[in-house]
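Trainee: Please take me through one part of this model closely. I would like to see how the two chains meet.

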Amino acid sequence: MAEVTAKARRGRGGGFLPFLLLLPAVGLMLALYAYPFVSSIYRSFLGSKGALSVANYAKVRELYWRDVFFSLEISVLSTALAALVSIALAAYLRLSTGWFARFIGAIYRFPIFIPFVVVAQMMRTFLAPHGLLNIFLAQIGLVNIDAPLELLNWKGLTFGFVWKQAPFMALIVLSGFEMVDDTFIEAARSVGARLPQVIVRILIPMSRASISVALILAFTSTVGTFTLPYMLIGGQVPTTVTVDIAHRVTYFGDYGVANALGTLSYLMVLALAIYYLRYTVRKGIYEYQEG
Amino acid sequence: MPGLRLENLSKRFGKTVAVDSLDLEIRDGEIMTLLGPSGCGKTTTLRCIAGLLTPDEGEIYLGDERVTDLPPERRGVGLVFQNYALWPHMTVYDNLAFGLQLRRVARAEIQRRVSEALAMVRLSGFEERYPRQLSGGQQQRVALARALVIEPKLLLLDEPLSNLDAQLREEMRFEIRELQKNLGITSVYVTHDQAEALVLSDRIAILHEGRLVQVGSPAEIYNRPGNRFVAGFIGLTSFVEGTIVRQDAAKGYVVVRTRDGLELCARSDVLQTGQEVTVAIRPEHIELYPEEPAVRPAETNFLSGRVLRGAYLGDVVDYRIQVGEWILRAHAGTGAILKPDQEVFLTIAPDRITLIAV
């Protein structure tokens, strides 16, 4: 009996030890992520006198409502376009074996390693009224250089996001496509599928998990990007929520409204985050059942 | 159903010649097996026929149509893979319907043909299941139905039974054979399993190092191997080297003498005295006697030897017997098991000996 009790004690000690070992990591997560997250939401509901209030949200509604939707629209549009580009690029790299595909395969990742601030500077040079793109289009007669294309607006911002995010998404999507065994593709071709049908009916559905992850990560990153919109469209109306947050903090020291804007950003990604978590949990259970 | 013709087909991967000047004709409604060890070029040949690889040289004709440059989707060829390759995100119905949808077949017609194809492989009622909900054998039958539902001109099967357990594999051999015969569809079957090839095929093409070494019916290939490789690859064979020293043209027999003086009589109408030959003997064609028979059987080879070892195989015992400097394998019943070092007597009918010119 005494031995059993001693074993049980050791068992309880052994059961507690893993939690102790996890404590530093969990502590850091709580201190660096959870606390600021909860704190910013809480502070967004504090009025100027420290009482609970929705005044900050009322100000957001009054001054920045258009920007909130602009941020959402730009993020959705950029992510959707980047997804199309990345799927096309990944499909090309998956299904082609020539030297050009190998060359593209070697260079397409470069934009991933270029910081947003550098991308922003490049886009300003490229998209400006007398930038490289307008000069090129003028030289081939498509644009009058005295009335150049105005691209330092939502169009340029979307272009910049797509340029930066598509390679990153392609990397994830391609890893999914690579996991689809050649025989699935060959089986489709043998029953009559041409390459576009192979991509749409076989590769994309079989890589749904990778594509979802790419969409979620790109969307979340786009919603939270500050430097690219700040340097491309700055304080234009409309602008993005991130520029508004910087504006409220830098010029007004108004952390309440900044936190309210931040909370709305959280909400934008929350729906996707919930989907992502539900998807991964379901996938985990499914794989367990399969095993 | 049209036949298939390969003319001077070659395929190289870098400096490796996977298929070397292959000429082969597969007749209408015939099932031809490409048989050979790993790396012999059988799967490469199949992939060239399917359009998944482009040959470096040669032509492929399906019936009278030259299909060498056609992409796989325009060849009208059904393909069955070793790993089944059923699309996991589609139900059984969708897996079968996919090829018909691509051909813009009407929905009612698709339903009818999918039902018929599933009935053909005895899987009616499995339409709504996903591949992961099926056993390996069921998945392979769905893969077969998927290949057949598009009514291909040619059916290609790439080691389709390799992932199944032994018992199921044996059942499926007969099912595939029966299905192929009922449909009368010209088929090419790739395998490295000689038993599978013997059961399934109308004819077998043996490939070795990218070259075709022999084509023939299973019985021809087994009983009259064209060279030492074929004799060694199909079934168990013992080899003895020698030279033809006499011949009896009237009876069609020749006598082969080995370098240690052993003489074997075999049937041959074509080989001449002085020809060096390899003598191939199957273990089941050797009769063993634990004691010297009082009367030696007439017109047969009579030898004596010593048992090296025996391996019990259930229905027979596989013996290795030292005869002169040669080791012969012989199968005998399990009634009286011979012991190592025991003297033993052997008879081999001349008709059962294959001579291969060196």
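Mentor: Here is a close look at the side of chain B that touches chain A. This is a predicted model, so to speak of local features we need pLDDT of at least 70, and side-chain atom pairs count only at pLDDT 80 or more, while totals for chains, interfaces and linings use all residues. Residues are numbered from 1 along each chain as written, chains are lettered from A in the order written, and side-chain values use heavy atoms, without hydrogens or water.

Start with the contacts (heavy atoms within 4.5 Å). 23 residues of chain B are in contact with 19 residues of chain A. The two chains bury about 1900 Å² between them. That is accessible area (1.4 Å probe) lost on being put together, summed over both. Carbon and sulfur atoms carry 63% of it. E73(B), W87(B) and L102(B) supply 28% of the area that chain B buries against chain A, more than any other three residues.

Now the charges. There are 2 salt bridges between the chains. The term means a side-chain nitrogen of Lys or Arg within 4 Å of a carboxyl oxygen of Asp or Glu. One of them pairs R47(B) with E186(A), with the closest N and O atoms 2.6 Å apart.

Which elements of chain B supply at least two residues each to this side? They are β6 (77–80) and α2 (92–102). Both are DSSP runs, numbered from the N terminus: helices are H or I, at least four residues, and strands are E, at least two. The largest share, 4 residues, comes from α2(B).
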